[in-house]
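Open the model in your viewer and keep the sequence panel beside it. The tour goes stop by stop.

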Amino acid sequence: MEYMMKQISKNLEEIKEEIHKACEKAGRNPEQVKLVAVSKNFPVEIIKTAYDLGQRLFGENRVQELGTKTPLLPSDIEWHLIGTLQRNKVKDVVGVTTLIHSVDSLSLAQEISKQAFKRGLTANILLQVNIAQEDSKHGFEAGGLLKEIKEMSSLPGIKIKGLMTIAPLVENPEEVRPVFRQLKALAGEIKQLKLYGVEMQELSMGMSHDFTVAVEEGATLVRIGSRIFGKRN
Ligand SMILES: *Cc1c(COP(=O)(O)O)cnc(C)c1O
């Protein structure tokens with residue numbers, strides 16, 4: 001346990017240092033970058049360890065896992081859902097998470113809107129974009145998103161805070177720099193539309209192996225799991 005705490009502490013320090021350096025390189029303010037500690041597949045004891053080290057923002061990718069973990073952990077944790085969300089699970093997420101990163105269709109946005117509105121809440125969401133157009137990944141295509149965002153922006157009970165993407169897994173993260181750049185450009189295009197309820201202030205991009213490049217390209221949320229907690233089983 002002692003060893004684990006030391007290791008997680010060291011990992012968090014190193015990551016923050018690397019975020020700092022990437023911001024310096026890009027002329028950005030490090031306060032604009034938030035670290036989402038991706039705790040999927042890790043038990044609550046390990047999450048509590050990171051919490052005791054000061055981490056307050058955690059990301060889970062499965063609704064069921066989120067549901068079992070949140071009641072067992074301190075209530076001042078901010079939970080983000082980062083994984084694929086099915087429409088029939090939306091009711092279990094609204095009110096539990098402060099941000100849903102993975103909204104990948106108009107119909108999902110409509111369901112979140114419906115559930116949030118019913119409870120008098122506003123759900124903050126990001127729209128997931130499949131920039132690299134990988135068959136294996138969820139998300140809007142850039143062109144399709146530009147067509148559908150207007151309709152989404154008029155839905156009650158949701159606030160569109162920005163975009164999210166998952167870059168392809170490559171050996172050298174420099175290879176996916178264009179992916180991050182394109183997500184940022186798309187957010188800029190959407191901002192130009194000046195749609196009510198659409199803010200585009202958040203860009204969720206970058207994971208353990210590519211977050212420094214993502215930060216250089218404008219990430220405001222980096223989703224990091226294995227670099228903090230170690231390999232997942
Ligand atoms: C698991 C996961 C991450 C974190 O991956 P690591 O490589 O462990 O940092 C980030 N984003 C999503 C959507 C994930 O599912």
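Is methionine 200 buried or exposed? Select methionine 200 and look at its surroundings. Its relative accessibility is 5%, and the cut-off for buried is under 20%, so methionine 200 counts as buried. Bear in mind throughout that this is a predicted model.

**Stop 1: strand 7**

Stay on methionine 200. Colour strand 7, residues 198-204; methionine 200 belongs to this strand. Now check the backbone. Methionine 200 is not a glycine, yet its phi is positive, at about 55°.

**Stop 2: a loop residue with positive phi**

Next, select glutamine 133. Where does glutamine 133 lie? Find strand 5 (123-128) and helix 5 (142-153); glutamine 133 is in the loop between them. Phi is positive here too, near 50°, and this residue is likewise not a glycine. Now turn on the surface. Glutamine 133 has a relative accessibility of 57%. Exposed means over 50%, so glutamine 133 counts as exposed.

**Stop 3: helix 2 and what follows**

Move to helix 2, residues 44-52. Which residues of helix 2 are buried? Show side chains for Val44, Ile46, Ile47, Thr49, Ala50 and Tyr51: these are buried. Then step just past the end of helix 2 to glycine 54. Glycine 54 has a positive phi of about 110°.

**Stop 4: the ligand**

Select the ligand. It occupies the largest pocket. Display the residues around the ligand: Val38, Lys40, Ile82, Ile166, Met207, Ser208, Arg223, Ile224, Gly225, Ser226 and Arg232. Colour this shell by residue class. Five of its residues are nonpolar, three are polar and three are charged.

Which distances should you draw from the ligand to polar side-chain atoms? Try these:

- Lysine 40: an N or O atom of its side chain is 2.7 Å from an oxygen atom of the ligand.
- Arginine 223: a polar side-chain atom is 2.8 Å from a nitrogen atom of the ligand.
- Arginine 232: a polar side-chain atom is 2.7 Å from an oxygen atom of the ligand.

How much of the ligand does the protein bury? On its own the ligand exposes 390 Å², and the protein buries 90% of that.

**Stop 5: helix 7 and helix 1**

Go to helix 7, residues 211-216, and pick valine 213 within it. Valine 213 has a relative accessible area of 3%. That puts it under the 20% limit, so valine 213 is buried.

Now select helix 1, residues 2-26, and pick alanine 26 in it. Its relative accessible area is 34%. The partly exposed class lies between 20% and 50%, so alanine 26 is partly exposed.

Draw the C-alpha to C-alpha distance from alanine 26 to valine 213. The separation is 9.9 Å, with their positions 187 residues apart along the chain. Then draw one from valine 213 to histidine 20. These two are 193 residues apart in sequence, and their C-alpha atoms are 12 Å apart.

**Stop 6: helix 4**

Finish at helix 4, residues 106-118, with glutamate 111 selected. Is glutamate 111 buried or exposed? With a relative accessible area of 13%, glutamate 111 is buried. Add valine 90 to the selection. Glutamate 111 and valine 90 are 21 residues apart in sequence, with 7.0 Å from C-alpha to C-alpha.

Key. Residues are numbered from 1 along each chain as its sequence is written. This is a predicted model: local features need pLDDT of at least 70, side-chain atom pairs count only at pLDDT 80 or more; totals for chains, interfaces and linings use all residues. Side-chain values use heavy atoms; hydrogens and water are left out. A residue is near a molecule or strand if one of its heavy atoms lies within 4 Å of it. A polar contact is a pair of N or O atoms within 3.5 Å; within protein, one must be able to donate a hydrogen and the other to accept it, and residues adjacent in sequence count only if both atoms are side-chain atoms. Accessible areas come from the Shrake-Rupley method with a 1.4 Å probe; for residues, only the protein chains shown count as cover. On a 1 Å grid over the protein atoms alone, a cavity is a set of points where a 1.4 Å probe fits but cannot get out, and a pocket is an open set with protein on both sides within 12 Å along at least five of seven lines; lining residues have an atom within 4 Å of a point. A molecule sits in a cavity or pocket if more than half of its atoms lie within 2 Å of its grid points. Ala, Val, Leu, Ile, Met, Phe, Trp, Tyr, Cys and Pro count as nonpolar, Asp, Glu, Lys and Arg as charged, and the others, Gly among them, as polar. Buried means under 20% relative accessible area, exposed over 50%, partly exposed in between (1.4 Å probe, protein chains only). Helices (H or I, at least four residues) and strands (E, at least two) are DSSP runs, numbered from the N terminus.
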